[in-house]
Amino acid sequence: MMNNKRYYTFNRFLKEKLSVKVRKVSVTAGFTCPNRDGKVGYGGCTYCHNPGFTPPGSDGRKSIRAQVEEAKLRLRDGGFRGKFLAYFQAYSNTYAPVNTLRMLYDEALYDDDVVGLAIGTRPDCVPNEVLLLLEEYAEKHHVWVEYGLQSANDKTLKYINRAHDYARFEDAVKRTQNRGIYICAHIILGLPGEDEAQMYKTVDRLSQLGIDGIKIHHLQVVKGTVLEEQYHNGEVGVFSIEDYVSLICNVIERISPRMVIHRLIGDIRDDLLVAPRWTISKGEIISCIDKELKRRDCYQGIGYQG
Ligand code: SF4
């Protein structure tokens with residue numbers, strides 16, 4: 001067991017690595033996405049509605065520095081005395097020429113309280129020159145690259161219009177490894193057409209890949225997406241709390257004990273969420289997960305297929 005949690009939390013990882021409490025602050029840098037502007041596709045992933053994934057306050061119309069400063073002040077007012085990671089979250093945050101990226105990342109690292117970067121992007125958006133740039137930052141800062149994958153099943157990736165396959169993700173991971181950059185993969189549990197066996201296969205493949213972290217979301221239907229149409233047509237279902245708690249515990253058991261779990265459930269702005277409309281808070285669901293792991297007397301990695 002790890003502290004009072006039965007899985008390796010991101011908070012614990014940061015405390016171990018940086019010896020200080022660290023919070024991520026989201027910034028919106030005005031990027032777009034090659035799966036929206038036609039470079040690799042149009043329309044984007046079927047579940048994607050970026051404002052739904054962007055916390056209030058990370059406003060792309062303000063400068064990066066202003067966004068970080070505001071978030072910092074908010075957290076300081078609440079009594080937080082630790083350090084910060086600037087989280088480039090919305091859209092594909094490596095989708096620009098290297099000089100532009102350098103300018104934006106430098107701006108986020110404007111003071112010593114910002115100890116690093118977390119950069120969300122697509123696996124087909126990291127040419128080697130971008131990885132070289134991130135490697136440079138990783139020499140002095142704490143740097144994560146977060147790759148959207150969602151599933152290791154190519155049929156699913158096609159259905160949700162990701163416009164890349166699993167091999168593309170694996171190639172990005174291999175080119176990112178051994179550069180001092182931490183790698184996280186995002187997955188969604190409950191994607192259309194996937195049964196539990198397919199979800200476990202995704203988790204097992206990621207565990208075996210030697211990446212550092214995983215961020216898990218349950219399928220959430222957001223207003224204005226293709227997924228919303230599919231949901232109303234009855235093509236797509238969502239989890240009950242009970243079913244999700246049971247599934248996520250099975251998933252935690254299979255995750256390599258070395259991998260950090262950044263997140264266990266999705267987190268969409270309430271005003272944009274269509275389904276599932278769970279009646280208890282995120283904190284209460286995490287508590288249900290903790291209780292279920294304890295009831296089973298199991299923990300992360302007990303069923304790791306390494
Ligand atoms: S890759 Fe990301 S930003 Fe682009 S459409 Fe898909 S979810 Fe949206």
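Begin the tour by selecting Asn178, which sits in the loop between helix 6 and strand 5 of this predicted model. The backbone here deserves a look, since phi of Asn178 is near 65 degrees, a positive value in a residue other than glycine. Show the surface as well: Asn178 has 81% relative accessibility and, because that is over the 50% cut-off, counts as exposed.

Next, move to the segment after helix 10 and select Asp297, where phi is near 50 degrees, again a positive value in a residue other than glycine. Asp297 is likewise exposed, with a relative accessible area of 54%.

From there, select residues 196–208, which form helix 7. This helix has 13 residues and spans 18 Å from its first C-alpha to its last, close to the 18 Å expected at 1.5 Å a residue. Which residues of helix 7 are buried? Colour Met199, Tyr200, Thr202, Val203, Asp204, Leu206 and Ser207, for these are the buried ones. In an α-helix there are 3.6 residues a turn, so residues three or four places apart point the same way. To see what covers the buried residues of helix 7, add the surrounding elements, including strand 4 (142–150), helix 6 (166–176) and strand 5 (182–189); the cover also includes strand 6 (213–218) and helix 9 (241–254). Helix 6 and strand 5 are the elements on either side of the loop that holds Asn178. Before leaving helix 7, step just past its end to Gly210, which takes a positive phi of about 80 degrees.

Now select Ala275 and Pro276 and inspect the peptide bond from the former to the latter, which is cis, with omega near -5 degrees. Pro276 belongs to the loop between strand 9 (273–275) and helix 10 (282–296).

The second largest pocket is the next stop, and a convenient selection is Gln220, Gly266, Ile268, Leu273 and Ile280, which lie nearest its centre among the 15 residues of the lining. About 250 Å³ of space lies in this pocket. How many residues of each class line the second largest pocket? Its lining has 7 nonpolar, 4 polar and 4 charged residues.

Finish with the cysteines Cys33 and Cys45. Cys33 counts as buried, because its relative accessibility is 10%, and Cys45 is also classed as buried, because its value is 9%. With a disulfide requiring cysteine sulfur atoms within 2.5 Å of each other, the count for the model comes to 0 disulfides.

Technical notes. Residues numbered from 1 in each chain as written. Predicted model: local features only at pLDDT ≥ 70, side-chain atom pairs only at ≥ 80, totals over all residues. Heavy atoms only, no water. 1 Å grid on protein atoms, 1.4 Å probe; cavity = no way out; pocket = protein on both sides within 12 Å on 5 of 7 lines; lining within 4 Å. Points joined across faces, edges and corners; volume = space filled by probe spheres on them. Nonpolar A, V, L, I, M, F, W, Y, C, P; charged D, E, K, R; others polar. Helix = DSSP H or I, 4+ residues; strand = E, 2+ residues; numbered from the N terminus. Expected span 1.5 Å × (residues − 1). Buried < 20%, exposed > 50% of the residue type's maximum accessible area, 1.4 Å probe, protein only. Contact = heavy atoms within 4.5 Å.
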